[in-house]
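The exercises below ask you to find the empty spaces in a protein and to say what surrounds them. Each task is followed by a solution that goes step by step.

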Amino acid sequence: MNSGNPKQDYMTDRQVELISVHLKKTLEYLVNQVFETAKESARLAGSTEPYLNEPLKVRWVEAYFPWTSPSWEIEVWWKGEWLECCGCGLVQQQVLLNSGLGNDKLGWAFGVGLDRIAMLLFGIPDIRLFWTLDERFSNQFEMGKIATFRPYSKFPGIKRDVSFWLPSESLLHVNDVMEIVRTHGNDLIENVTSIDEFVHPKTGKRSQCYRINYQSMDRNLTNEEINEIHKKVEDDLITYFNVTIR
């Protein structure tokens, strides 16, 4: 815990310690069950990839959520990268009071995206496939059975990077960048990835760079339309967070 992820005043240090341990142990058990099921599904499908024999590794990262404090995210080492899979934290006292509970109540909360779990279990690479009406997707699955997704041809994507200098004391969070990108790109956004961050050794300025993958499920994209969307993303970053585009 730190100033950006503080303990709530109404809780003692001992209460925070006990509830945090209970929260983390519970979610570690849940995550272990999900990922071990995914491994077994892959083995049954005939996969022999090395990750299937690796012990599960998790790590806890401090985070911010408006209804909990302190807050964390649990990440799992999966197929060579850290995968964010669950946000959680100790419930804010006002949330409990608004729910009609007394001021002597304590609790924790978490959120797991069911779509993320399904992507993991079925090996689905793109969340937008859940919304497609293409029978090449839906015909691959049967109720009550776990089957590994078989990719089919898609239209090519277009990648664009956005890099910028942050003002001092900037409150910009990766979620802010993703929200701006998805506001303008809607369902043309396949993913947004942070690919670089550094501090200039002389000026002390901090720089960030994000890679945006634009891709349509049903047509070819043009450079002109993506350039227009990308310009709106840059403009919003400048307007709302006072960044300097590099």
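**Exercise 1.** Find which element gives the largest share of the lining of the largest cavity, and then describe the rest of that lining.

*Solution.* The largest share comes from α1, which contributes four residues to the lining of the largest cavity. Keep in mind from the start that this is a predicted model.

Step 1. Begin with the count of enclosed spaces: the structure holds two cavities of 30 Å³ or more, and in the largest of them lies about 100 Å³ of space.

Step 2. List the residues around the largest cavity, which are L30, V31, V34, F35, L83, C85, C86, V112, R116, I117 and L120. The elements that give two or more residues to this lining are α1, β3 (81-91) and α3.

Step 3. Sort the lining by class, which yields ten nonpolar residues, no polar ones and one charged residue.

**Exercise 2.** State which residues of helix α3 are buried, and name elements that cover them.

*Solution.* Step 1. Helix α3 spans residues 114-122, and its buried residues are A118, M119, L120, L121 and F122.

Step 2. Look at what lies against these buried residues: the cover includes α1 (13-44) and β2 (68-78). One of the buried residues, L120, also belongs to the lining of the largest cavity.

Step 3. Follow the chain past the helix, where α3 gives way to G123, a residue with a positive phi near 70°.

**Exercise 3.** Describe the second largest cavity by its volume, its lining and the classes of its residues.

*Solution.* Step 1. The volume of the second largest cavity is about 50 Å³.

Step 2. Its lining is made by K39, Y51, E54, P55, L56, W77, W78 and K79.

Step 3. Divided by class, these residues are five nonpolar, three charged and no polar.

**Exercise 4.** Turn from the cavities to the second largest pocket, and work out which residues are closest to its centre.

*Solution.* Step 1. The second largest pocket has a volume of about 280 Å³. It is lined by 15 residues, of which R128, T132, S216, M217 and D218 are the closest to its centre.

Step 2. By class, the pocket lining comprises seven charged, five nonpolar and three polar residues.

**Exercise 5.** Give the bounds of the domains and how far apart their C-alpha centres lie.

*Solution.* Step 1. According to the domain assignment, domain 1 covers 13-122 and domain 2 covers 158-245.

Step 2. Between the C-alpha centres of domain 1 and domain 2 there is a distance of 27 Å.

Notes:
Residues are numbered from 1 along each chain as its sequence is written. This is a predicted model: local features need pLDDT of at least 70, side-chain atom pairs count only at pLDDT 80 or more; totals for chains, interfaces and linings use all residues. Side-chain values use heavy atoms; hydrogens and water are left out. On a 1 Å grid over the protein atoms alone, a cavity is a set of points where a 1.4 Å probe fits but cannot get out, and a pocket is an open set with protein on both sides within 12 Å along at least five of seven lines; lining residues have an atom within 4 Å of a point. Grid points are joined across faces, edges and corners, and a volume is the space filled by probe spheres set on the points. Ala, Val, Leu, Ile, Met, Phe, Trp, Tyr, Cys and Pro count as nonpolar, Asp, Glu, Lys and Arg as charged, and the others, Gly among them, as polar. Buried means under 20% relative accessible area, exposed over 50%, partly exposed in between (1.4 Å probe, protein chains only). Contact means heavy atoms within 4.5 Å. Domain bounds come from an automatic or database domain assignment.
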